[in-house]
Amino acid sequence: MAKQNSIPYEISWVQQLSGINRDAWDGLAKPLSTPFLEWDWLHLMEKSGSATVKTGWLPHHLTVWSGKNLVAAAPMYVKGHSAGEFVFDHVWADIAGRMGIKYYPKLVGMSPFTPMSGYRFLIAVEENEQELTAIMVAEIDRLCRHYNMSGCSFLFADPRWYRRMLNHGFSGWRHQSYTWKNQGYKTFDDYLGIFNSNQRRNIKRERNTLEKHGIFLKTFTGRSIPRTFFPLMYSYYERTNDKFGPWGCKYLTKSFFEGLYHRYGHRLLFVAAFNNNDPSSPIGMSLLVTKGKQLYGRYWGCAEQVSSLHFNTCYYAPIEWAIANGIHGFDPGAGGAHKIRRGFTAVSNHSLHRFYDHGLQRIMKTHIDEINRLEQEQIDTLNNALPFAQHLKN
């Protein structure tokens, strides 16, 4: 594997991100629109004990070097289960089991526990992306076959990169998520104007509910975020997930939340809810991530159940902040058809898959188009229920 200038590429698999220079990695990651492939976020996943071999996420990052220069990388993990991926491939695991194929371990490329589109190979802009992509795919195939892994998947793929990877023999699987797009709104009232009259009244009522309960909201970014918010956010995150028992998504440790304060605060937005009678500590919070013109909803929780608190801290206040700060798009996170009623549109996100058993790969290729068609029907059905004024639906 050689470049035209005869300097060879060297490939290395790295078992922990701390073994890769932060500036070298971020030289590849920071130009991207997604914040979730940056060194600090991924390193904190490992350092905090959230994404480690003990939790079923064995870091196995692919790196490509030209001399001493890191020219390409891919954050990847050897998985012994499918938890925390938010792409529910249990049907493929079941089919593999019926065929007598061992489904785990598998190799997964994604930002752990982060169902946000944007995953892709990190490649230096001055390099030949097509050539390096082919080299990296070949190396991934070699590794998976050598260790008898069932397959390789890339989850929540960057849309442009996804289309390129289809040319490398991966199968694309469509999934449904939500987004909010800023249509040039100047104020939140401008945004309310797109709704039909019934839902406009409903949103105003939900917005006014907090005031009736003596609760006010305040946003915090960067250095203005109190350090005490981070352990408190973990306690609320824990409380939220505990409500769902075995169906909860409590994958992150307290150390992860506390670690965000030191290196990642510049990317964060907190919406905190305070009681007028005791404004010393939030009774509920949402934690969001922002980069460039994009906002991402991540975690939320509260000390007590208050009507419409969730909608206000996770949707309305972030949208109002997004409008005021020129944000173009807001991904509110996984799940929840109630997002449709608040103006979030159902959209597609995609994962990429390759199985190394020919029979399993043939089954996916035979049926994936129909699976994707049915998923698109579901997306269309959701969007038909958007409570917008009729002229906006047409």
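A residue is called buried here when its relative accessible area is under 20%. In this predicted model, cysteine 144 easily makes that cut, since its relative accessibility is 0%. Burial does not come with a sulfur partner, though: the closest cysteine sulfur belongs to cysteine 152 and sits 5.1 Å away, too far for a bond, given that a disulfide needs the two sulfur atoms within 2.5 Å. Cysteine 249 tells a similar story in another setting. Its relative accessible area of 27% makes it partly exposed, and its sulfur is 14 Å from the closest cysteine sulfur, that of cysteine 314, again too far for a bond. The tally for the model is 0 disulfides.

Zooming out, the protein chain holds 13 helices and 15 strands. Its radius of gyration is 22 Å, which agrees with the value near 21 Å for a compact globule of 394 residues. The C-alpha trace spans about 65 × 45 × 40 Å along the principal axes. Of the 394 residues, 55% count as buried. Looking at contacts with a separation of 6 or more, 75% come from residues 24 or more positions apart. On the outside, the accessible surface amounts to about 18,100 Å², with carbon and sulfur atoms supplying 49% of that area. As for charge, there are 45 positive and 33 negative ones, and their mean positions lie 3 Å apart.

Helix 2 gives a good look at the interior. This helix covers residues 39-47 and is largely enclosed by the rest of the structure, because 8 of its 9 residues are buried. Among the buried residues are Trp39, Trp41 and Leu42, along with the acidic pair Asp40 and Glu46. His43, Leu44 and Met45 are buried as well. After helix 2 comes glycine 49, with a positive phi near 85°.

A few backbone spots in the loops deserve a mention too. Between helix 3 (90-98) and strand 6 (106-109), the loop contains proline 105, and the peptide bond leading to this proline from tyrosine 104 is cis, with omega near 5°. Positive phi also turns up away from glycine. Phenylalanine 113, in the loop between strand 6 and strand 7 (122-123), has a phi near 60° and is buried at 4% relative accessibility. Serine 308 has a positive phi of about 70° and lies in the loop between strand 13 (294-302) and helix 10 (309-324). With a relative accessible area of 13%, serine 308 is buried too.

Notes
Residues are numbered from 1 along each chain as its sequence is written. This is a predicted model: local features need pLDDT of at least 70, side-chain atom pairs count only at pLDDT 80 or more; totals for chains, interfaces and linings use all residues. Side-chain values use heavy atoms; hydrogens and water are left out. Buried means under 20% relative accessible area, exposed over 50%, partly exposed in between (1.4 Å probe, protein chains only). Helices (H or I, at least four residues) and strands (E, at least two) are DSSP runs, numbered from the N terminus. The radius of gyration is taken over C-alpha atoms; the globule rule is 2.2 Å times the number of residues to the power 0.38. Contact means heavy atoms within 4.5 Å. Accessible areas come from the Shrake-Rupley method with a 1.4 Å probe; for residues, only the protein chains shown count as cover. The place of a charge is taken as NZ of Lys, CZ of Arg, CG of Asp or CD of Glu.
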